[in-house]
Amino acid sequence: EGLEKWHKKADGKCSCDYSFHMSIVEWNEKTEQEIQDMIDHGITSFKLYMTYPAMIVDDGDLYKIIKKLNEYGCFAGVHCENAGAIDALIAEAKKEGRLGPENHPLVRPDIMEAEAVHRLLVIADAADAPVMVVHLTNRKAFEEVMRARMNGQKVYAETCPQYLLLDDSVYSKPDFEGAKYVCAPPIRKKADQDCLWKALANDQIQTVATDQCSFTMEQKALGKDDFTKIPGGLPGVQTRGTLLYTYGVRTGRITQEQMCRLLSENAAKLYGVYPNKGVIREGSDADIVVTAISGQAPVLKANDITKGCLYIHVGGWEDEFAVVKKADKIVCDEWESCKHRTQTISRMYVQGLLKDDDIYADLKDIISDKVKGRESDDEFIYFNSVGLSFIDLNFANETYKFAKMMGLGKDIALLKTDS
């Protein structure tokens, strides 16, 4: 039922291939029987929580679940925080009248994450099962992962851009701005960032994800008078690759090859879709991202981002290149009423890329294919309808001029929207 619900939300609305992590929030005979059903439907990973009242599983069920998943050849990603101690710290903060967002990291300290990681890995050791520690945030928790590995355990780890690039001073921003950054586990100290970057460089963290869970500031305002009511989560999917390249590869912290492993190859291997995904080779899916690096690229600003929420947590960071094109649907345009979807080729363009003759030719082919035979003045062909979605107006203008130069201008309408 849960899987069906999420398929209804996503099917037919996505321009890339996708799958799901399925959360297990209770354990009984029925749930155990459903594991095989999930696997039969292509689910290869599961999510468990050691916190949140509606989703937490206790230590006994944690043991049973990860042991059973291992028998099926799967593993769980686990959100690690000590729920009981955090609840006590929250109660203390409220009793003392500390209700602003600056208290969020204080009631969910690094030691409560590290304790939960330690406990998870002890239980996984007893179950003789691999596990993934998701959205790892700090040095103490990372040391627990490394200690378990030294003892022969198979432990995977994931972190996110917010933990690599922000520190907990964001929670003290005035005028309730700190609410933007409320997530769990919270953003940590600068020293924790350094630890995580070093771990990435040493191939000790396998993936960089986002833990994407975005809310508008209107929704965040639910916790204006009580930080525990601020919806927790940050946007981040659209900026992940940009940030990892800018602050990882460009600064020399990681290599381009490591970035590709962290964003693609490792995840494909972990979740059972390699070599269909995660590698460029004959027979693999053509899920290719082409990037071009411009030394004169603009700053990536919040209003450049396609978003449902009204902010991005990377506002103010100067990205070395700006993403101005997102996942293309190369086929299946609306007016041809295609009945099937093919593999998606994703390209990210940056300013200056149109100077390349190959890209000119590529763009010409795409536009020509989509507008062929469409000359009616009352029919507008939007860029995103032909597989060209721009979040940079200058780039869109250049493309429009190019289309006119190629004799396609009468078939193209340039539409500027608020988003």
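In the protein chain, residues 24 or more positions apart account for 70% of the contacts with a separation of 6 or more. The model is a predicted one, and its protein chain holds 14 helices and six strands. Of the 419 residues in the protein chain, 47% are buried. The area exposed by the protein chain comes to about 21300 Å², of which carbon and sulfur atoms supply 50%.

Among the helix pairs examined, helix H3, which spans residues 59-71, packs against helix H6, which spans residues 110-127, at an angle of about 50 degrees and with the two axes 9 Å apart. That angle makes H3 oblique to H6, and the crossing of the two helices is right-handed. On the side of H3 the contact is made by Asp59, Leu62, Tyr63, Ile66 and Lys67, and on the side of H6 by Arg119, Leu120, Ile123, Ala124, Ala126 and Ala127. By residue class, this contact of H3 with H6 divides into eight nonpolar residues, no polar ones and three charged ones.

Helix H6 also packs against H7, a helix of residues 139-150, and here the axes come within 7 Å and cross at roughly 20 degrees. H6 is therefore roughly parallel to H7, and H6 passes H7 in a right-handed crossing. The residues that make the contact are Asp110, Ile111, Glu113, Ala114, Val117, His118 and Leu121 of H6, together with Lys140, Ala141, Glu144, Val145 and Ala148 of H7. Seven of the residues in the contact of H6 with H7 are nonpolar, one is polar and four are charged.

Glutamate 144, which is found in H7, illustrates this contact at the level of a single residue. With a relative accessibility of 16%, glutamate 144 counts as buried, because the limit for that class is under 20%. When its neighbours within four places in sequence are left aside, glutamate 144 is in contact with Ala114, Val117, His118 and Leu121, and these four residues are listed among those that H6 brings to its contact with H7.

Aspartate 192 lies in helix H9, which covers residues 190-201, and is buried, with a relative accessible area of 7%. Although aspartate 192 and lysine 140 are 52 residues apart in sequence, their C-alpha atoms are 8.6 Å apart in space. Not counting residues up to four places away in sequence, aspartate 192 touches Thr137, Asn138 and Arg139; of these, Arg139 falls within the residue range of H7.

Further along the chain, helix H11 (residues 240-249) and helix H12 (residues 256-270) pack at an angle of about 150 degrees, and their axes are 10 Å apart. The two helices are therefore roughly antiparallel, and H11 passes H12 in a right-handed crossing. Arg240, Gly241, Leu244, Tyr245 and Val249 of H11 make this contact with Gln256, Met259, Leu262 and Leu263 of H12. The contact of H11 with H12 comprises six nonpolar residues, two polar ones and one charged residue. Leucine 243, which also lies in H11, is buried, with a relative accessible area of 2%. Leucine 243 and leucine 164 are 79 residues apart in sequence, whereas the distance between them, C-alpha to C-alpha, is 9.7 Å.

Several features of the backbone were found in loops. Most residues other than glycine have a negative phi, and most peptide bonds are trans. The peptide bond from alanine 184 to proline 185 is cis, with omega near -5 degrees, and proline 185 is placed in the loop between helix H8 (161-165) and H9. Tyrosine 274 and proline 275 are likewise joined by a cis peptide bond, with omega about 5 degrees, and proline 275 lies in the loop between H12 and helix H13 (357-371).

A positive phi was found in two aspartates. Aspartate 203, although not a glycine, has a positive phi of about 60 degrees; its place is in the loop between H9 and strand E6 (207-208), and it is partly exposed, with a relative accessible area of 45%. For aspartate 211, phi is positive and near 55 degrees. Aspartate 211 occupies the loop between E6 and helix H10 (217-220), where it is partly exposed, with a relative accessible area of 30%.

Conventions:
Residues numbered from 1 in each chain as written. Predicted model: local features only at pLDDT ≥ 70, side-chain atom pairs only at ≥ 80, totals over all residues. Heavy atoms only, no water. Axes fitted to C-alpha atoms, helices over the stretch in contact; angles between N-to-C directions. Parallel < 35°, antiparallel > 145°, perpendicular 65-115°, else oblique. Left-handed = near helix turned anticlockwise from the far one by under 90°. Contact = heavy atoms within 4.5 Å. Nonpolar A, V, L, I, M, F, W, Y, C, P; charged D, E, K, R; others polar. Buried < 20%, exposed > 50% of the residue type's maximum accessible area, 1.4 Å probe, protein only. Areas by Shrake-Rupley, 256 points an atom, 1.4 Å probe, with all protein chains shown as cover.
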